[in-house]
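These are my notebook entries on a protein–DNA assembly. I looked up the contacts between the chains and then those with each DNA strand.

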Number of protein chains: 2
Amino acid sequence: MTKTRRRRTKEEARAEILSAAAKRLLDAGPDALRIADVAADVGMTHPTLLHHAGSRDQLVQDATVYLMQRTAARTLEAMQRAGDERDLDAFVRESLEAFRDEGRSRAIAWLALTGRLAGTPKPPWTPFVAAAQAARERRRARGSGGSQPAPQREDDDVSTRSALVLAFLAVFALDLIGDTVLADAGLGEGPAATDRFVRWFARLLQRTLTE
Amino acid sequence: MTKTRRRRTKEEARAEILSAAAKRLLDAGPDALRIADVAADVGMTHPTLLHHAGSRDQLVQDATVYLMQRTAARTLEAMQRAGDERDLDAFVRESLEAFRDEGRSRAIAWLALTGRLAGTPKPPWTPFVAAAQAARERRRARGSGGSQPAPQREDDDVSTRSALVLAFLAVFALDLIGDTVLADAGLGEGPAATDRFVRWFARLLQRTLTE
DNA sequence: GATAGTGTCTACAAGAATGTAGATAGCAAA
DNA sequence: TTTGCTATCTACATTCTTGTAGACACTATC
C-alpha cells in the first residue's frame, strides 16, 4: 500500500482541472458534470478539487469561459488562415474542421441551451468582415473594369456581414446535426456527403460575395 | 386540511405526464429532468408518476419521442402551408416561426448533444423536395420559353435538396443562436435584425432555386 | 349498497453528489 | 535539520433523487 501523493503547484492543479472539466463539459454538458469524475481524471480526490475550484458552480463557469476561449483561438486561427486570400471553398472547409476538432459547436450549443451563451466572451468579427469586404471589392474592380456604377457601400456591408453570419450558422449546424439532416434529405451519408454539401455551399457563397 | 384527490384514467394521466415532461425536457434538457418536478407540474406525487411512467429513463425516452413527433407535425404543417406556391420569403419566415414556437430547435439540439438524435423518427423530406423541384422547373420553363438546353436532372435534384438542407440548417441555427451571432456580427439586435437576415437569406435561396 | 379494480397517497430505503473538518505529507526556505 | 506553508488525503455530514411497499380512496359494475 504505497500511497504516492503527487504535489502540484496551485497553477498546475488549476490548469489540469480546467482542462479536464472542459473535456467533460463538452461531452456531457454542464448538468452532467460530476466533480468526482473530473477529480478522478486529474488524479486527485474530490475534496482536493473543491479546494482549488471553490465549488461545482464555480468550476462549471470557469471551465465554460476556458473552453470558449480555447476553441475561439483555434477556430479563428483556422478561419483567418483560409479566409484571407484563397477561395471560399477552403474557408468553409477549414472552418468546419476547426469547429469539429475543438468541439466548438457542441460548446456553443450547450451554452445556448442552458442560457449561458450571452454571458460568454464574443469572438472578434471585425477582421473577417473587413477581409471579406476587401476581397469583394477587389473582385468587383477586377471584374467590371470600372464601368459599373458606384457600389452602394451600406448595402454591401450588410450583405457581406449576412453572408458571414450564414456561413457561421451553417457550419455550426452542419457540425451538430449535419450527418442526420443530410441523410434524411437523401443526400447520402458520411464524410463524402458533407464534402459535397460544403462544396455546393461554398459555390453559393462565392457567387453571393462576388456579385 | 381537505385532501382532494383527483382520479384520472390511465390515458389521461399518461398524456398529462408526457406533456409536462416534454416541456421540462425542452427547458432544461434530459439530464436535468426531475420526476418530482414533473409530478408537481401535473399535480400528483412522484410515486404516482412512476406508477404510470415506469422509470425516469423510460419517461425521458417517451417524452423525447412525444416531443419530436409533436413538433414535427406542427413544423411540417407550417412549412407545407408556406412552401407550396408562394415565395421563399414566407417559407423561411414561417419555418422559423414554427421552429421557435414549438421549441423544435432546442429539442433537436438536446438530442444531438446527448446522442439521441439518430434514434428519433425522421421527418418526411420527400414531399418538400418534390414541391421545390416542381416549382423550380415551373419557374425555369416560364422564364426560358423553352429555348434553353435540357436541364440536367441529377444535378438539379442535388441542388434542390442541398438548398432545402441549407434552409433547414440555417433556420435551426438562427433559432438557437441567431440573436447572439447577429449581434456579434454587427447586424443589430432583436426581431428586426432577424427579420432583415431572413429576408436576405430568402432572396439568396430564391435566386439559387430559380436559376 | 356491496365489491373489485386501480389510481393515488404516505413512509421509507438506498444511493449519489456536494461540501466540510481535521489530519497528513510533500516542498521550500531558514 | 528544522520549520512553515499548503496541497492532499480520509472520514463524515447533508441534501437530493430515484425507487419500493403498503395503505387508502375514487369509480364502475353487479
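**Entry 1: the protein–protein interface**

Which side chains of chain A and chain B meet in a salt bridge at 3.7 Å, N to O? I found A:Asp184 and B:Lys122 as the partners. I note at the outset that the model is predicted.

I then asked how many salt bridges the rule finds across the interface of chain B and chain A. The count is 2. For polar contacts between chain B and chain A, I recorded 4 residue pairs, with both residues at pLDDT 80 or more.

I next listed the elements of chain B that touch chain A. Helix H1 (10–28), helix H6 (104–113), helix H8 (153–184) and helix H9 (190–210) of chain B each contribute at least two residues to that side. H8(B) holds the largest share, 19 residues. Sorted by class, the side of chain B that touches chain A comprises 30 nonpolar, 6 polar and 8 charged residues.

For the extent of the interface, I recorded 44 residues of chain B in contact with 44 residues of chain A. The area buried between the two chains is about 4,000 Å², and carbon and sulfur atoms give 76% of this area. I also looked up which residues of chain B lose the most area to chain A; they are B:Leu113, B:Leu169 and B:Trp200, together 17% of what that side buries.

**Entry 2: DNA strand C**

I turned to the surroundings of DNA strand C and counted 21 residues. The closest are A:Arg5, A:Arg56, B:Arg5, B:Thr45 and B:His52. Does the protein face chiefly sugar and phosphate, or bases? Of the atoms of DNA strand C within 4 Å of the protein, 61% belong to sugar or phosphate, and the rest belong to bases.

I looked up individual atom pairs next. A:Arg7 places a polar side-chain atom 3.0 Å from a base nitrogen of DNA strand C. A:His46 likewise has a polar side-chain atom 3.0 Å from a base nitrogen of this strand. For B:Thr45, a backbone N or O atom lies 2.9 Å from a phosphate oxygen of DNA strand C.

The elements that give two or more residues to this surface are helix H2 (35–42) and helix H3 (46–53) of chain A, together with helix H3 (46–53) of chain B. H3(B) supplies the largest share, 4 residues. By class, I recorded 7 nonpolar, 6 polar and 8 charged residues near DNA strand C.

**Entry 3: DNA strand D**

I repeated the search for DNA strand D and found 21 residues around the strand. A:Thr45, A:Thr48, A:His51, A:His52 and B:Arg56 are the closest. Sugar and phosphate make up 65% of the atoms of DNA strand D that come within 4 Å of the protein.

Which backbone atoms lie by phosphate oxygens of DNA strand D? For A:Thr45, a backbone N or O atom is 2.8 Å from such an oxygen. The corresponding distance is 2.9 Å for B:Arg56 and 3.4 Å for B:Ile35.

H3 of chain A and H3 of chain B are the elements that give two or more residues to the surface near DNA strand D. H3(A) gives the most, with 4 residues. I closed the entry with the classes for this surface: 7 nonpolar, 6 polar and 8 charged residues.

How values were computed: Residues are numbered from 1 along each chain as its sequence is written. Chains are lettered from A and ligands numbered from 1 in the order in which they are written. This is a predicted model: local features need pLDDT of at least 70, side-chain atom pairs count only at pLDDT 80 or more; totals for chains, interfaces and linings use all residues. Side-chain values use heavy atoms; hydrogens and water are left out. A residue is near a molecule or strand if one of its heavy atoms lies within 4 Å of it. A polar contact is a pair of N or O atoms within 3.5 Å; within protein, one must be able to donate a hydrogen and the other to accept it, and residues adjacent in sequence count only if both atoms are side-chain atoms. Ala, Val, Leu, Ile, Met, Phe, Trp, Tyr, Cys and Pro count as nonpolar, Asp, Glu, Lys and Arg as charged, and the others, Gly among them, as polar. Contact means heavy atoms within 4.5 Å. Buried area is the accessible area (1.4 Å probe) that two parts lose on being put together, summed over both. A salt bridge is a side-chain nitrogen of Lys or Arg within 4 Å of a carboxyl oxygen of Asp or Glu.
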